[in-house]
Amino acid sequence: MAKDAAVELEVDGRTVRVSSPDRVYFPARGETKLDLARYYLSVGDGIVRALRERPCMLHRFPSGVAGQKVHQKRVPNGAPPWLETVRVHFPRYGRYADELCVTELAHVLWAVQMSTVEFHPWNSRKSDTEKPDEWRIDLDPMPDCPFATVRRVAHVAHEVLDELGFLGWPKTSGGSGLHIYVRIEPRWGFAMVRRAALAFAREVERRAPDEVTTTWWRKDRDPAKLFVDYNQNARDHTIASAYSVRGVPEGTVSTPLRWDEIDDVDPRDCTIATVPARFAKLGDLHAGIDDTAYSLEPLLAWADRDGLAAESS
């Protein structure tokens, strides 16, 4: 094969052409665009489960992660006829966009061909894009907050979830934090889900006041604390999905974890070079995430107790 000649990948009866397969995307170890495609093939069930039927923003890096990043909402003209999309409305601008809506692995590979590295899905699905079915707990450390604090706060969040009777599904962020996802009944709009998320964040802050902040403005936060970022549940806010690669030279991956791994995991060790073997050994640790959906009513009762408005910050 001539250098940079396109490669055709077969996936579930589809043929996806990958151009410039030898282009280096991750300079730390030299992984290429084709390596990225093969990574997503290796975690196929997991990435499709994480993205299934959700509007998805694509973070594209046409020349690799050392180059410019492009945030793309709209699927471009010329996409294959088997690609699925979902139309979403952006009322602030009075506009609509037909975003990628993954239902099969070939859709992910098409996005990689379009130079996508990161997948950022909505927390709602195409059946009703205005009613989230996923509550996202984002444990976001400030610049001077060590990962040991992230671990401790994750256990506090786990404790609160257990008391609520909710099952949380943790993962690395692919950066310096951790995410915990909870499936919820799609009965509430974004403002109310955010309100419930804020009530939960305030409860975690009450239990770990020396380590946690919910202060809204970044400039006002203690740089040694962890911010429980409830605003990731606001409309059109997205974060990297489970199994999404991050656009950094090391090719870190937002990786599902067991709760008993929290104290030992080093997120820097979860990369496109290591996660395929982990997935082959453990399978998708989020495989059961859709089995049970929970009511937000207990958290909304906390929000009432604390006097939190739907758009409180």
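**View A. Arg49 and its partner Asp284.** Arg49 is partly exposed, at 24% relative accessible area, whereas Asp284 is buried at 13% (buried means under 20% relative accessible area, exposed over 50%, and partly exposed in between, with a 1.4 Å probe and protein chains only). The two form a salt bridge, with their closest N and O atoms 2.5 Å apart (that is, a side-chain nitrogen of Lys or Arg within 4 Å of a carboxyl oxygen of Asp or Glu). Arg49 sits in helix α2 (residues 44–51) and Asp284 in the loop between α6 (275–282) and α7 (297–306), so this pair links parts of the chain 235 residues apart (helices, H or I of at least four residues, and strands, E of at least two, are DSSP runs numbered from the N terminus).**View B. Glu84 and Lys126, loop to loop.** These side chains meet in a salt bridge at 3.5 Å, N to O. Glu84 is in the loop between β6 (70–72) and β7 (85–90), and Lys126 is in the one between β9 (116–121) and β10 (134–141), so the pair ties together parts 42 residues apart in sequence. Glu84 is partly exposed at 28%, and Lys126 is partly exposed too, at 34%.

**View C. Lys219 and Asp220.** Here the salt bridge spans 3.2 Å from N to O. Lys219 is exposed at 70% relative accessibility, while Asp220 is partly exposed at 45%.

**View D. A salt-bridge network.** Arg54, Arg125, Asp133, Glu134, Arg136, Arg183 and Asp290 are linked by salt bridges. The count for the model comes to 30 salt bridges.

**Notes.** This is a predicted model: local features need pLDDT of at least 70 and side-chain atom pairs count only at pLDDT 80 or more, while totals for chains, interfaces and linings use all residues. Residues are numbered from 1 along each chain as its sequence is written, and side-chain values use heavy atoms, leaving out hydrogens and water.
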